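Dear colleague,

I am handing over the structure that follows, and below it I have set out what was found in it. Please read the notes with the coordinates open beside them.

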Amino acid sequence: MSIRISKSILTFLQKLEKNNNRDWFSENKLEFSANQDEIKLYYKTIFENLNKHDDIDKFKIFRIYRDVRFSKNKLPYKTHFSGWFHRTKPRLRGTYYLHIQPNNQSFLGTGFWQPNKEDMIRIRKEFEMDDSEIRAILADKNFNSIWGDSFVGDEVKSAPRGFDKDHKAIDLIKKKQFTFTRKFTDEEVLSANFLNEIDESFKAIRPFFDYMSDVLTTDLNGVSLVD
């Protein structure tokens, strides 16, 4: 039997969105637990598929309970399921992400969302020295048919400190996040082919991950920083 997302999962999340309170959730805890068990199996299957062509050391499914301590939004529960798959460091970099949310809000995410200061500088310096390799990856037809031809996320307005605002690669250098997303409709999420679409999408991102792993495990002279 093929593994797939059941309609009950999206239905539960829709009901939760309309009844986002502790009393309702407590009354429907058994339904939540059943759907959560299905989601865990689905993410585990993705993890197993990824390890057939990549090296993933762990995956994590985020809790549905929201941390409201420092948030203006005081609703107690998330109205989606989500989780990430972590490539084995230090030699491999990059993270895969799956977000399941009804009303055509599901998506895959990949890349580097919040690089630390050292990684950010290293990436920008690489683009400054030679942007040909990353542009070739972004221009690849198979890659951009799935992930698009540019990064999504925030960027600085002009140029980061220490970089020329007129540099030919400034469009890449000023990025603060190096991520890609692929959106899906509810119909696509519920289809038997969704698991394959996820795996093929993650396969397509590998040239970018391989490039970034090479950049982030070497210094500016190309000398390995990994033992």
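**What was found**

The protein, which is given here as a predicted model, has 10 helices and 5 strands. Its C-alpha atoms fill a box of roughly 60 × 45 × 35 Å, when the box is taken along the principal axes.

As to the sheet, the 5 strands form an open sheet in the order 1-2-3-4-5, and the pairing is antiparallel. Strand 1 (56-61) and strand 5 (178-184) each have a single partner strand and stand at the edges, so one side of each is left without a neighbour in the sheet. From one strand to the next, the twist averages 15°. The single partner of one edge can be followed residue by residue: strand 4 (residues 106-112) runs antiparallel to strand 5 and is joined to it by 7 bridges, and Phe107 has Lys183 in strand 5 as its bridge partner.

Turning to the protein as a whole, 43% of its 227 residues count as buried, while the area that the protein exposes comes to about 12,700 Å², with carbon and sulfur atoms supplying 49% of that area. Among the contacts with a separation of 6 or more, 68% are accounted for by residues 24 or more positions apart. The protein carries 38 positive and 35 negative charges, and the mean positions of these two sets are 6 Å apart.

With best regards

Key. Residues are numbered from 1 along each chain as its sequence is written. This is a predicted model: local features need pLDDT of at least 70, side-chain atom pairs count only at pLDDT 80 or more; totals for chains, interfaces and linings use all residues. Side-chain values use heavy atoms; hydrogens and water are left out. Helices (H or I, at least four residues) and strands (E, at least two) are DSSP runs, numbered from the N terminus. Buried means under 20% relative accessible area, exposed over 50%, partly exposed in between (1.4 Å probe, protein chains only). Contact means heavy atoms within 4.5 Å. Accessible areas come from the Shrake-Rupley method with a 1.4 Å probe; for residues, only the protein chains shown count as cover. Lys and Arg count as positive and Asp and Glu as negative; His and the chain ends are not counted. The place of a charge is taken as NZ of Lys, CZ of Arg, CG of Asp or CD of Glu. Two strands pair if DSSP finds at least two bridges between them. Axes are lines fitted to C-alpha atoms, for helices over the stretch in contact, and angles run from 0 to 180 degrees between N-to-C directions.
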